[in-house]
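Biologist: Hi, could you pull up the model so we can walk through it together? I'll just ask as I go.

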Amino acid sequence: MLPVSIQDFDELWHIAVMKAERDELGFDAPAPVGHPVRASLPSDAPTGPAIGNRLPDFSLPDAFGRVINFHEDRGQSKAALVFYRSAVW
Amino acid sequence: MRDAFDKFEAAGIKLYALSYDDQETLAEFAQKQGVQYTLLSDTDSRVIKQYGLLNEQLSKKDAFLFGIPYPGVFVCDEDGTVISKFFHDSYKKRESPEMLIDAALGHITIDETAPRAESSEDGIRITAALHGGNGSLRQGIVRQLVTTFDLPEGLHIYGEPVPQGLTATKIRVEGPDGLVTLPMEVPPTTPLHLEALNIDLNVWSGTVDLAIPLYPVGELVSECRPIDEREVEISVHITFQACTDETCLLPQTRTLSLRIELEEVDVPNLPIHTGHGQREGNYDSTPAMKRLIWRKVRKNPLRLLQFIWNRKRMERRSKRAG
């Protein structure tokens, strides 16, 4: 049976994530140990804009649905911009 | 981050955190966890791609995992120019917020309440403090053991390299199993040329902060079990030689000891994370997780079966290997 609707999906989705394997650092995650998301990241992984460059401008909705333009919202302030995995898992 | 928001505000630094979570998830996270900084919702990973940060080790086969960035932080100045950035070798490691503030301000500011130990001899005061957070250790968060020298006028200490016969400043941190230390971070040295001996030296004088980043791993603190010891002892062995331009004191080693608290980890309130004795979220993250997966696989629900299948295969493989 394929999950074709959100109701069917309801039955299936937890199989995908409700099992955790523990790694040697003492972390659980909804993916097996050895999966790229669990392993160390490659040392040559890209790290985006270089020091000395202007951060590329962008607009995205915030938690309240307001569209925030990064540089406009920052105004004349210094800022820290964090890229993280997820607030959920 | 949450606890350090006031410090960012006081320093005049705006804080933004961007992920591929939907707006509803972020709204709940902000409300229930008391987040005051700006959470940005990049559901289709458009900005993550624009910044060239999409984790390409993952693919659509990885279902809901696909779309996350390589994790890291940019610190920019008033003009929006990158002045510092921190990228991590794992999703489970990141800087203390204080390290971002220090990067933005260009100097280390240690909390008055940070655990510290001090030694004053020969007119040289040395302080060792655990910098970051509330001065406690948390799994996956990098703190700094900062050794501060207060050198009287005219005295200096040495950075590497030193000519034979002189001792460069060395710091060794000794702690319990599971405490990982990283290479020391130091301010630039000043070149000093001694005419009489015709030698070039690299020196620090005045007040000098030498920082050793450190973090605990699973043996010490784990999100998967309650903390068994509330406090650990860390010893800092500081070797140095103080000199004027004419004479030198003998090289010496001072040892300072700190009692450091271990802190619980905030874990998302998902069944796989809960019930391990750590600090669980103030709300159930399961609906958000479900929404995330549905959003990621609804165009091709087979992806979810494929994900489960791949996982089973990897589990079998790791069992065989283990």
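Biologist: What comes right after α4(B), and what is the sign of its phi?
Modeller: Gly106(B) follows α4(B), and its phi is positive, near 80°. Helices here are DSSP runs of H or I with at least four residues, strands are E runs of at least two, and both are numbered from the N terminus. Before we go on: this is a predicted model, where local features need pLDDT of at least 70 and side-chain atom pairs count only at pLDDT 80 or more, while totals for chains, interfaces and linings use all residues. Residues are numbered from 1 along each chain as its sequence is written, and chains are lettered from A and ligands numbered from 1 in the order in which they are written.

Biologist: OK. Is α4(B) mostly covered or mostly open?
Modeller: Mostly covered, with eight of its nine residues buried. Buried means 20 or more other C-beta atoms within 10 Å of a residue's own, exposed means 12 or fewer, and partly exposed is in between, with C-beta atoms placed from the backbone. Among the buried ones are Met99(B), Leu100(B) and Ile101(B), and also Glu98(B) and Asp102(B).

Biologist: What are the domains of chain B?
Modeller: The assignment gives domain 1 (5-108 + 272-321) and domain 2 (116-266); such bounds come from an automatic or database domain assignment. Their C-alpha centres lie 32 Å apart. The contact between them takes 14 residues from domain 1 of chain B and 19 residues from domain 2 of chain B, where two residues are in contact if their C-beta atoms, placed from the backbone, lie within 7 Å.

Biologist: Which elements does domain 1 bring to that contact?
Modeller: β5 (94-95) and α4 (97-105) of chain B each supply at least two residues of that side. By class, the domain 1 side has two nonpolar, six polar and six charged residues. Ala, Val, Leu, Ile, Met, Phe, Trp, Tyr, Cys and Pro count as nonpolar, Asp, Glu, Lys and Arg as charged, and the others, Gly among them, as polar.

Biologist: And the contact between the chains, how many residues does each give?
Modeller: Chain A gives 66 residues and chain B gives 81 residues. On the chain A side, α1 (6-17), β3 (59-61), α2 (70-74) and β5 (78-83) each supply at least two residues. α1(A) gives the most, with seven residues. That side of chain A has 44 nonpolar, 14 polar and eight charged residues.

Biologist: Which strands pair up across the chains, and in what sense?
Modeller: β5(A) pairs with β3 (residues 72-76) of chain B, antiparallel, over five bridges. Two strands count as paired if DSSP finds at least two bridges between them. Ala79(A), for one, has Cys76(B) as its bridge partner.

Biologist: Switching topic, what does β1(B) do with β2(B)?
Modeller: Strand β1 (residues 13-19) of chain B pairs with β2(B) in the parallel sense over four bridges. Tyr16(B) has Thr38(B) as its bridge partner in β2(B). As for cover on β2 (residues 38-41), Thr38(B) and Leu40(B) on one side and Leu39(B) and Ser41(B) on the other are all buried.

Biologist: Where is Ser45(B), and what's odd about its phi?
Modeller: Ser45(B) is in the loop between β2 and α3 (46-50) of chain B. Its phi is positive, about 60°, although it is not a glycine. Most residues other than glycine have a negative phi, and most peptide bonds are trans.

Biologist: Why does Ser45(B) count as partly exposed?
Modeller: Because it has 19 other C-beta atoms within 10 Å.

Biologist: What about Asn198(B), buried or exposed?
Modeller: Asn198(B) counts as exposed because it has 7 C-beta neighbours inside 10 Å. Asn198(B) sits in the loop between β13 and β14 of chain B, and its phi is also positive, near 50°. Those strands, β13(B) and β14 (residues 199-205) of chain B, run antiparallel and are joined by five bridges.

Biologist: Last one: which peptide bond is cis at Pro161(B)?
Modeller: The one from Glu160(B) to Pro161(B), with omega near -10°. Pro161(B) lies in the loop between β10 and β11 (170-174) of chain B.
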